[in-house]
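Visitor: Could you take me closely through the aromatic rings of this protein, and then place them in the setting of the whole chain? I would like a careful reading, with the residues named as you go.

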Amino acid sequence: MIKDNQRYFNRLQVVVDVLVICVSYVLSWAFKFLVLRDPRGLSFQQYMLTLVGIIPLYLVLYLAFNLYTPKRVQGRRLESGNVVKANTVGLLLIMGVFFLLRDYNDYATEYSRSMLFYFYVINIVLETLVRNLIRLFLRHLRRSGFNLRHIIFVGYSSAAEEFIDRIFANPQWGYRVYGILDDNREIGYTYKGVQVIGTTEELGEILENNRLDEIAITMALREYYKLKRIVATCEKSGVHTKFVPDYNDIIPTRPYTEDLQGLPVINIRHVPLTNTFNRVCKRTMDVAGAAVTIVIFSPIMLVTAILVKSTSRGPLIYKQERVGLHNQTFQMYKFRSMEVQSASSEKRAWTVRNDPRVTKVGRVIRRTSIDELPQLFNVLKGDMSLVGPRPERPLFVEKFREEIPRYMIKHQVRPGMTGWAQVNGYRGDTSIKKRIEYDLYYIENWTIGLDIRILIQTFFKGFVNKNAY
């Protein structure tokens, strides 16, 4: 039933996408030739004929970029990002085709490239808007008791607790937990309103007598010897089954698997930047981005240098030892924002609110992150990247490596001027544990697209740091 509903919804979503593409295309034509009154090289009918190729192309791209994945398992920001990616690839493909045909076809020569760009922008806006409206509608339906997925947990463990926590934190997913089957907890034991309703031996009978949509196997690691029997029972029922491993704290969110002649192997940590091609791509973007940014921000850096030197004694650039790639130390550059102090004073903990060591100019440049701009030269040198986990001082690294599990994994990539943790609010005096969680997500899920997204978010909301004193 659920699969039928999802299939019907996907068909409906395809129809909506076709309408959105058509409306976006017509609006872009109207803006180009009616509002801006640009001269027309082609007729309206000729422009509309292009939709015959654009519509199937975009539908295929939407499928390739997971835009027909159930909204339960795809967040709003991820879906919006995939809309941008699909439209960007579509724009590049169409432009590429016109470029290749320019010497053979007058249509390809006279077709307005600017109209295509207007279509790109309008379609992203409308597609994102429509999909968010659909998401709100589905959320309303699920909260009203419709379009629900009934799930049962097999095994009580920390994995079951975490799954239940997420279900209650995200009612828009539309999950209803039937109960938990476990051999070690008493029947009637409750976690946040979800009861243990029987043992794993009763799984077959429960599946036969109830209409369930999903089974989540969340057994503790010590009980995995029962797994073959439980999986056989699940497969006999035909109910969609998933594993939620009880050791999820030691494997990546996107496991990197290998097939050794039929033997599945899960790697503990997958770091995309260990791939040579990925490293070259990221380094190329770092060098080009840092060079361009230095040119753009040179007036601000010049003014800052004058203010720092004219308002306080001491060097213009402050150098501090930080731990970077492969645990190697390097000198990180900043505009000096504090009074010159002794080595013992400098080893104090992080700066506190109203810290007397911070100069008047320093307060402004720390709040606006202008003091970080000299790190662009660290990027050019290869000590840092534009995006990555923020580097820390050696004494704090020694402290955190003992207190926070997996802390040292952040040093498997170059440290960054900004990062996934920072654009999500974990800057300055905030939770180190949460910061590491975001850093690990970045390390395991790195793509050029994620770097670009972080840089864009930094530009819009990452410069002003309320936790910088």
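Guide: The protein chain has 17 helices and 12 strands, and it should be said at the outset that this is a predicted model. Of the 469 residues in the chain, 43% are buried, and the accessible surface comes to about 25,500 Å², with 61% of that surface belonging to carbon and sulfur atoms. Among contacts with a separation of 6 or more, 71% are made by residues 24 or more positions apart.

Turning to the aromatic rings, a search of the whole structure finds 18 aromatic pairs. One of them is formed by Phe33 and Tyr47, whose ring centres are 5.2 Å apart and whose planes make an angle of 45 degrees, so that the pair counts as tilted, the class between under 30 degrees for stacked and over 60 for edge-to-face. This pair links distant parts of the chain, since Phe33 belongs to helix H1 (residues 2-35) and Tyr47 to helix H2 (residues 44-49), with their positions 14 residues apart in sequence. Both Phe33 and Tyr47 are buried. The two rings also belong to a cluster, in which ring pairs link Trp29, Phe33, Phe44, Tyr47, Phe98 and Tyr111.

Two further tyrosine rings have a charged group over them. The charged end of Arg131 sits over the ring of Tyr62, at 5.9 Å from its centre, while the charged end of Arg185 sits over the ring of Tyr189, at 4.5 Å from its centre.

Tyr58, which lies in helix H3 (residues 51-64), can be followed through its contacts. Tyr58 counts as buried because its relative accessibility is 1%, under the 20% cut-off. Leaving aside neighbours within four places in sequence, Tyr58 is in contact with Ile21, Asn87, Gly90, Leu91, Ile94, Phe119 and Asn123. For Leu91 the separation from Tyr58 is 33 residues in sequence, and the C-alpha atoms of the two are 9.6 Å apart in space.

The nonpolar cores give the wider setting. The largest has 37 residues, and those with the most contacts inside it are Leu376, Leu386, Tyr407, Tyr442 and Ile454. Ile454 touches Val387, Thr418, Gly419, Trp420, Val423 and Tyr442, when residues up to four places away in sequence are not counted. A second, separate core of 29 residues includes Ala86, Ile94, Ala108 and Tyr111; Tyr111 is thus a member of this core and of the ring cluster described above, and Ile94 is among the residues that Tyr58 contacts.

Two residues in loops complete the view. His411 is found in the loop between helix H14 (394-403) and strand E12 (416-418), and it counts as buried because its relative accessible area is 4%, under the 20% cut-off. The side chain of His411 makes a polar contact with the side chain of Asn327, at 3.4 Å. Apart from its neighbours within four places in sequence, the residues in contact with His411 are Val323, Gly324, Leu325, His326, Asn327 and Val397. Thr359, in turn, is found in the loop between helix H11 (343-346) and helix H12 (360-367), and is likewise buried, with a relative accessible area of 8%. Not counting residues up to four places away in sequence, Thr359 touches Ser312, Ser337, Met338 and Glu339.

Notes
Residues are numbered from 1 along each chain as its sequence is written. This is a predicted model: local features need pLDDT of at least 70, side-chain atom pairs count only at pLDDT 80 or more; totals for chains, interfaces and linings use all residues. Side-chain values use heavy atoms; hydrogens and water are left out. Rings of Phe, Tyr and Trp (its six-membered ring) pair if their centres lie within 6.5 Å; planes under 30 degrees apart count as stacked, over 60 as edge-to-face and the rest as tilted. Helices (H or I, at least four residues) and strands (E, at least two) are DSSP runs, numbered from the N terminus. Buried means under 20% relative accessible area, exposed over 50%, partly exposed in between (1.4 Å probe, protein chains only). A charge sits over a ring if NZ of Lys or CZ of Arg is within 6 Å of the ring centre and within 35 degrees of the ring normal. Contact means heavy atoms within 4.5 Å. Accessible areas come from the Shrake-Rupley method with a 1.4 Å probe; for residues, only the protein chains shown count as cover. A polar contact is a pair of N or O atoms within 3.5 Å; within protein, one must be able to donate a hydrogen and the other to accept it, and residues adjacent in sequence count only if both atoms are side-chain atoms. A nonpolar core is a set of buried Ala, Val, Leu, Ile, Met, Phe, Trp, Tyr and Cys residues joined through side-chain atoms within 4.5 Å.
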